[in-house]
Amino acid sequence: MFAPEAAVIARDEACAVVRSPIDEILTGRFACREFCSAPVARRTIEQILRVARFAPSGANIQPWHVYVLTGEVKGRVSAALLDAHETSRDEHVSEYRYYASDLPGLYLKRRQEFGRLYYGSLGIHQADSEARTRQTAKNYTFFGAPVGLIVTIDRRLEVGSWLDLGMFVQNVMLAAAGRGLRTCPQETFAKYHRILRPLLSIPAEQMVVCGISVGKAKVERQDRLMPRADIDEFATFLGFDD
């Protein structure tokens, strides 16, 4: 299993923190971008979604819908998206903005670091736009995963429901990890909503938010690539005796 960061374990041991089994799943999760072809049974996906549906949502709205794709249907979707990515990608845009147009310095620095680490790990120079485009195309084959999810939300809802949806997506990934499966959340599917809508009979009121690839990792043991800020960078503790 993908090992948690050694520093996290050492710090917990030094502070006599009791580690829970869920900690291993949380710290072991990673965005898998290379799956093997081993099939995943429908009943397994049903179990994952049955657990994930217990994500909290304001007033119990439960603002999520999931299209579960495999086999020939997934193949047709991949073929259509690959063709669009190859021939007309500049004509497609998501219905929502994932990143701010002017990222504050801290977040811009992290995004740039991601690019260096991610493409560097693949041996792709950041200035090599053709190689980066080829790598992006792998998203649309769900990185070889046997199951792909397309997640939507009712466009009539407000930002609070997007918070709820995020917790649902996280639940899907953790429930999959608890069953020995890996996942990759992929915002890039939102870009091709005009293609996905007729292929999957997505009604007009639903907005495509992301995709999720689900399957067995081709290589299970991996070193953590992306660093995480320590808690003193994002948490403020008030009123504790120590």
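**Exercise 1. Work out the order of the strands in the open sheet, and find which strands stand at its edges.**

Solution. Begin with the order: the open sheet has four strands, arranged S1-S2-S4-S3 with antiparallel pairing, where strands (E, at least two residues) and helices (H or I, at least four) are DSSP runs numbered from the N terminus, and two strands pair if DSSP finds at least two bridges between them. Next, look at the ends of that order: strand S1 (65-69) and strand S3 (182-186) each have a single partner strand, so one side of each is left without a neighbour in the sheet. From one strand to the next, the twist averages 25°, with axes taken as lines fitted to C-alpha atoms and angles running from 0 to 180 degrees between N-to-C directions. Finally, take one pairing in detail: S1 and strand S2 (residues 147-154) run antiparallel and are joined by five bridges, and Val68 has Leu149 in S2 as its bridge partner.

The model is predicted, so local features need pLDDT of at least 70 and side-chain atom pairs count only at pLDDT 80 or more, whereas totals for chains, interfaces and linings use all residues. Residues are numbered from 1 along each chain as its sequence is written, and side-chain values use heavy atoms, with hydrogens and water left out.

**Exercise 2. Describe the aromatic pair formed by Phe114 and Tyr118, and decide whether each residue is buried or exposed.**

Solution. Rings of Phe, Tyr and Trp (its six-membered ring) pair if their centres lie within 6.5 Å, and planes under 30 degrees apart count as stacked, over 60 as edge-to-face and the rest as tilted. The count by this rule is nine aromatic pairs. Phe114 and Tyr118 form a stacked one, at 5.4 Å centre to centre with 15° between the planes. Both residues lie in helix H5 (residues 105-121), four residues apart, which is about one turn of the helix. For accessibility, buried means under 20% relative accessible area, exposed over 50% and partly exposed in between (1.4 Å probe, protein chains only); Phe114, at 33%, is therefore partly exposed, while Tyr118, at 10%, is buried.

**Exercise 3. Find where Tyr140 and Phe189 lie in the chain, and classify their ring pair.**

Solution. The pair of Tyr140 and Phe189 is edge-to-face, with 5.8 Å centre to centre and 90° between the planes. Tyr140 lies in the loop between helix H6 (129-137) and S2, and Phe189 in the loop between S3 and helix H8 (193-200), so that the pair links distant parts of the chain, 49 residues apart. Tyr140 is buried at 1% relative accessible area, and Phe189 is buried at 0%.
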